[in-house]
Protein chains: 4
Amino acid sequence: MSTPKAKATRSDPSRAVAFSDAVIAIVITLLVLDLRPPETEPGGLLAGLLDEWPTYLAYAASYLYLAVIWLNHKAAFTRIREMDIGLQWANLGLLATLALVPWPTAVIAETARTGNLTDERVAVALYALVGALLCLAWLVFFAYLARHPDLTKDHVDDSYFARERPRALIGVVLYLAAGLAGFLIHPLVASVIFLVLPVFYAVTSHGIDQGPALLRGRADRD
Amino acid sequence: MSTPKAKATRSDPSRAVAFSDAVIAIVITLLVLDLRPPETEPGGLLAGLLDEWPTYLAYAASYLYLAVIWLNHKAAFTRIREMDIGLQWANLGLLATLALVPWPTAVIAETARTGNLTDERVAVALYALVGALLCLAWLVFFAYLARHPDLTKDHVDDSYFARERPRALIGVVLYLAAGLAGFLIHPLVASVIFLVLPVFYAVTSHGIDQGPALLRGRADRD
Amino acid sequence: MSTPKAKATRSDPSRAVAFSDAVIAIVITLLVLDLRPPETEPGGLLAGLLDEWPTYLAYAASYLYLAVIWLNHKAAFTRIREMDIGLQWANLGLLATLALVPWPTAVIAETARTGNLTDERVAVALYALVGALLCLAWLVFFAYLARHPDLTKDHVDDSYFARERPRALIGVVLYLAAGLAGFLIHPLVASVIFLVLPVFYAVTSHGIDQGPALLRGRADRD
Amino acid sequence: MSTPKAKATRSDPSRAVAFSDAVIAIVITLLVLDLRPPETEPGGLLAGLLDEWPTYLAYAASYLYLAVIWLNHKAAFTRIREMDIGLQWANLGLLATLALVPWPTAVIAETARTGNLTDERVAVALYALVGALLCLAWLVFFAYLARHPDLTKDHVDDSYFARERPRALIGVVLYLAAGLAGFLIHPLVASVIFLVLPVFYAVTSHGIDQGPALLRGRADRD
């Protein structure tokens, strides 16, 4: 019932969105903290900077990944009308796993610096694990919304979030596969996949679902 | 009286909410900064990562704790209509104590790494102290609102915040008890309690008070 | 003229407020980064934690200072209707100086740890300098608003911001005097003044000006 | 067409603005992290602080640069009505490059500390490269808006963003020229240019385009 009391105790998503934006903004900027002046002998700065290329690659891949996450988060929340405690926790689970991303990024950058192959295999496996965990958190988030159509806006197709689930599941599989390939074949293979995956993901996601909110919005307008 | 001047000098809570969200988001993300690449010999990364498990536990417990705090903060502010200077300071006191959480978390993680039992006892006592301080800050916050019903929204039961006080008081006692148990019995006991407490707290809080805003909102709607 | 074009090119303060809130929230939380696990011998954690008391004092003083700044910032902006480029820069100058606060705080904490009296004198002088700079930034901010009454809301007394200027000027003098006292007499004198000053400031400010927005709002309502 | 569905799938810029504000606020505050207590012998704090002057200069220059960027970002977004996925990525590219600024700032500060001339040349070249990259990101952003007039507000002149492009291009050239001058002549030359450039940029930008939103808003009002 929409009595004044009920209205006040319902939770519109605005504060959860602001909180999520702040967390994602902090995480994406924390990545930059790994870009530090290299510790080199006097006169060795140029060589030191060039040696850090794996850090730059790891920074670029993680930035791209988090940017895609933010766009997906935004696309999902444009369809959410109100949140219950279950959805709040699904969102907090999402934030917890995405906040982990700078950690395996730093581990990869560190092992690339020292150049031990065993460590590099472990590092890409860790990155793959966190990537898979993050996709799992998305899966939980989408599955919760699919089971609670009353939380989405009226115009949103009830099957929308159900159709998002396979994409999250594919992400879990792909990150684990990339980690396995990096562990068994060569860490560089995994690193390249980590860089390509978000790009591939961002592009294909628009095709499969007839495009995300943003693209479709433009199409609707034309 | 609601003259134009009075309206402008009254303080609606929107900016305090935005500021609190930013502080809590930063604190929850600062925890991640403790997840750093372990300093290991070449080839020892896997063992190094596995050795860090107390850090992961401490990270999980503190994340959970801060997430519950954020949800409670949100539930409280959906009931606040406007803020006076006293409530502003009660809120700033809350933010000051919750911003302390990453510090004992890092101390626990550090002592778990070095493995000295005396230090571990001190570390869990420190965590318990900060946890108790935080519950004390909630107690002040709830007590202030209980004494100033004119600051809450019209539909909010005048006894609502009075009934929140015992919960905060129980938190003070439970954290001190956990710290004492960790100090006298074994630090691991306290660590496990720190992990369980926010879960227990989050779950029971919904039962005792007929559920928080979010759950009740759903019930009202059905 | 209030043509559609003019309206769009005018700048309402909402984005500057959100940006300022984010900066102040980050700065106030950065202070916590100085609270780190002390580097002690195994078994020496308790002594190590107790030795850090000047850090806790410095943290408390700076937190208090920044909290008062945020409340003043909020009180000022409830009176601002729109911003021109000059006011934007005055606000950015304010943010630049308040972002400096964690730096002398860390320097004081560091020198208190090493205990060299000459260094402690320099440290409190540095803190006093930054405190005075910050009050100077407020002076510029208030003076700009006093000269541009068209930027404030209609109901705001034209002399309001003119009357805020002496308070900022007194701050400049008081911080320099505290620094001088700390340098000439003893650093501890300055440290205590730094802790008392924001309290004193927060309390008296309400008296002199018939109270800030928040207190007056309550009075108007009664 | 503006059916309820189309409305929901369109993307208004408010969340992108909040996210950008958070990122820029974090980046501008991260700069302060480089202002740390200098590591000096007991009694050598004053000399240590004075020796750090290049850090202060680098801090001031980067703060100024990021402040100008934020003002330009704000001026651009007051003209944007809605965002498509391309504009989202152009904005995320902008954020990625501006988040890099603290890194060459720290490298310059570090080399100034060690005083090796070869390293200083490399450091200013790196800063110039990041500065040029950032102007390139603006160029992409403005060019995208120039090609998509349907994304801007009705009252915005269709040639507005086309006219912004040369300014961004000049920035690319000026930063590369400053880097080259610093590399060939003396790093100090580049450092001074880096400090002057944002000032010069902020001032002239108002002249060329009949002033930005803020200044013009005041003129329209008079």
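This report describes how the chains of a predicted model meet and how two of its buried residues are placed.

## Basis of the report

Residues are numbered from 1 along each chain as its sequence is written, and chains are lettered from A and ligands numbered from 1 in the order in which they are written. The model is predicted, so that local features need pLDDT of at least 70, side-chain atom pairs count only at pLDDT 80 or more, and totals for chains, interfaces and linings use all residues, while side-chain values use heavy atoms and leave out hydrogens and water.

## Relation between the copies

Two copies of a chain are related by a rotation about an axis and a shift along it. For chain C and chain D, a rotation of 90° with 0.0 Å of shift along the axis gives a superposition with an RMSD of 0.0 Å; the fit is by least squares on the C-alpha atoms of residues with pLDDT of at least 70 in both copies. The two copies are therefore related as by a four-fold rotation axis. In chain C, A22(C) has the C-alpha nearest this axis, at 4.4 Å.

Chain B is laid on chain A by a turn of 90° and a shift of 0.0 Å along the axis, again with an RMSD of 0.0 Å. A22(B) is the residue of chain B that comes closest to the rotation axis, its C-alpha lying 4.4 Å away. The copies use different surfaces, since 5% of the contact residues of chain B recur in chain A; contact here means heavy atoms within 4.5 Å. Likewise, only 5% of the interface residues of chain C are also interface residues in chain D, so these copies meet through different surfaces.

## Interface of chain B and chain A

The size of an interface is often given as the accessible area lost when the parts come together. Chain B and chain A bury about 3700 Å² between them, with 69% of it on carbon and sulfur atoms; buried area is the accessible area (1.4 Å probe) that two parts lose on being put together, summed over both. On chain B, 44 residues are in contact with 44 residues of chain A.

The interface holds 1 salt bridge, defined as a side-chain nitrogen of Lys or Arg within 4 Å of a carboxyl oxygen of Asp or Glu. D21(B) pairs with R15(A) in this way, the closest N and O atoms being 2.8 Å apart. There are also 8 residue pairs in polar contact, both residues at pLDDT 80 or more. A polar contact is a pair of N or O atoms within 3.5 Å; within protein, one must be able to donate a hydrogen and the other to accept it, and residues adjacent in sequence count only if both atoms are side-chain atoms.

Among the elements of chain B that each supply at least two residues to this side are helix 2 (14–30), helix 4 (53–77) and helix 9 (187–208). Helices (H or I, at least four residues) are DSSP runs numbered from the N terminus. Helix 4 of chain B gives the largest share, 11 residues. The side of chain B that touches chain A divides into 26 nonpolar, 9 polar and 9 charged residues, where Ala, Val, Leu, Ile, Met, Phe, Trp, Tyr, Cys and Pro count as nonpolar, Asp, Glu, Lys and Arg as charged, and the others, Gly among them, as polar.

## Interface of chain C and chain D

Between chain C and chain D, about 3700 Å² is buried, of which carbon and sulfur atoms give 69%. R15(C), F19(C) and W103(C) lose the most area to chain D on the side of chain C, together 21% of what that side buries. R15(C) also forms a salt bridge with D21(D), with the closest N and O atoms 2.8 Å apart.

Helix 1 (4–9), helix 2 (14–30), helix 5 (85–98), helix 6 (102–114) and helix 7 (117–147) of chain C each supply at least two residues of the side that touches chain D. Helix 2 of chain C gives the most, with 9 residues. By class, this side has 28 nonpolar, 7 polar and 9 charged residues.

## Two buried residues

H73(C) lies in helix 4 of chain C and is buried, with a relative accessible area of 1%; buried means under 20% relative accessible area (1.4 Å probe, protein chains only). The side chains of H73(C) and N91(C) are joined by a polar contact of 2.9 Å. Not counting residues up to four places away in sequence, H73(C) touches R15(B), S20(C), I24(C), N91(C), L94(C) and W138(C).

V68(A), in helix 4 of chain A, is buried with a relative accessible area of 7%. The C-alpha atoms of V68(A) and P198(A) are separated by 6.7 Å, although these residues are 130 residues apart along the chain. With residues up to four places away in sequence left out, V68(A) touches P198(A), A202(A) and W89(D).

Conventions
Buried < 20%, exposed > 50% of the residue type's maximum accessible area, 1.4 Å probe, protein only.
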